[in-house]
Amino acid sequence: MLGKFITFEGLDGAGKSTFIPFAQDVISRAGHPVVRTREPGGTAVGESIRKLLLDPSAQLSPETEALLMFAARQQHLQSVVLPALDRGQYVLCDRFTDSTYAYQGGGRGIPAEKLADLETWVHQGFQADLTLLFDVEESISQARLKQDRAPDRFEQEAAEFHRKVRQSYRERSIQYSDRIRLIDAGRALEKVKVDVEKYVLTIC
């Protein structure tokens, strides 16, 4: 792999969409080509799965949800992520497998062991070079979302669901501290940007 894979994680409303373009600018200034993508999505198949997963009217079991996430991820890895890395590009991905552990594991209650089996099958040992986890209190993230648009299927979940998701994220940041950088996203924009730039430049 000549390129680097950077993932962006956190609750909806934590600010990922604000800081991904900023990280792209930092990497571009360092002289590296950049590709931006997202999960679920990134491919025609993935985007179709995304539409289903986010549809508030969709009646999906937690297990179906997790399987769909990894189905989209398999297509995404093989069609977009790995080829871009082989070309020497830096790939910035809005959500990846940490999201599945947080939302389907922490939020929905699927045992981590089941998710780990799917991860082993789909990833084949592949992991992000760096994960930026934007951490913010659930009340703040929900308030930000209300200013934006109608909530999707995950965003409309009760406060307890989002509390469990955040807790799962924080636990993973401790478990995988070599890869995941926890960023306090409740601070002023410029302060968060300082952290983003600092961490991104460590692998440029």
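Select Phe161, His162, Val165, Arg166, Ser168, Tyr169, Arg172 and Ser173: these are the buried residues of helix 7. Keep in mind that the model on screen is predicted. Look down the axis of helix 7; the buried residues fall within an arc of 160°, so they line one face of the helix. An α-helix has 3.6 residues a turn, so residues three or four places apart point the same way. Now turn to the other side of helix 7, where Ala159, Ile174 and Gln175 are exposed. The whole helix covers residues 159-175, and its 17 residues reach 25 Å from first C-alpha to last, close to the 24 Å expected at 1.5 Å a residue.

**The sheet**

Next, show the strands. Five of them form an open sheet in the order 2-3-1-4-5, with parallel pairing. Which strands stand at the edges? They are strand 2 (34-38) and strand 5 (180-184); each has a single partner strand, so one side of each is left without a neighbour in the sheet. On average, neighbouring strands are turned by 20° against each other, direction ignored.

Start from strand 2. Five bridges join strand 2 to strand 3 (residues 90-94), and the two run parallel. To see one pair, select Val35, which stands opposite Val91 in strand 3. Then add helix 4 (residues 97-107), which packs on the sheet and touches strand 1 (5-10), strand 4 (130-135) and strand 5. The direction of helix 4 makes about 20° with that of strand 1.

**Strand 1**

Select strand 1 by itself. How many of its six residues are buried? Six of the six are, so the strand is mostly covered. Phe5, Thr7 and Glu9 point one way from strand 1, while Ile6, Phe8 and Gly10 point the other way. Strand 1 is joined to strand 3 by four bridges and to strand 4 by five, in the parallel sense. Ile6 shows both pairings: Ile6 stands opposite Leu92 in strand 3 and opposite Leu130 in strand 4.

**The cores**

The largest nonpolar core has 23 residues. Select Ile6, Phe8, Leu92, Leu132, Phe134 and Val196, which touch the most other members of this core. Strand 1, helix 1 (16-29), strand 3, strand 4 and helix 8 (189-201) each supply at least two residues, and helix 1 gives the most, with six. In soluble globular proteins, nonpolar side chains tend to be buried together.

Zoom in on Leu92. Leaving aside residues up to four places away in sequence, its contacts include Ile6, Phe8, Ile20, Ala23 and Ile27. A second, separate core has 19 residues, among them Val35, Ala66, Leu77 and Ala84.

**Three stops in the loops**

Most residues other than glycine have a negative phi, and most peptide bonds are trans. The remaining stops depart from this pattern.

Select Glu39 and Pro40: a cis peptide bond joins them, with omega about -15°. Pro40 is in the loop between strand 2 and helix 2 (44-54).

Go on to Arg95, in the loop between strand 3 and helix 4. Phi of Arg95 is near 80°, a positive value.

End at Gln124, in the loop between helix 5 (112-123) and strand 4. Phi of Gln124 is near 55°, also positive. Is Gln124 buried or exposed? Gln124 counts as exposed because its relative accessibility is 63%, and exposed means over 50%. Arg95, at 10%, counts as buried, for which the cut-off is under 20%.

How values were computed:
Residues numbered from 1 in each chain as written. Predicted model: local features only at pLDDT ≥ 70, side-chain atom pairs only at ≥ 80, totals over all residues. Heavy atoms only, no water. Expected span 1.5 Å × (residues − 1). Buried < 20%, exposed > 50% of the residue type's maximum accessible area, 1.4 Å probe, protein only. Arc of directions from axis to C-beta. Pairing = 2+ DSSP bridges. Axes fitted to C-alpha atoms, helices over the stretch in contact; angles between N-to-C directions. Contact = heavy atoms within 4.5 Å. Core = buried A, V, L, I, M, F, W, Y, C linked by side-chain atoms within 4.5 Å.
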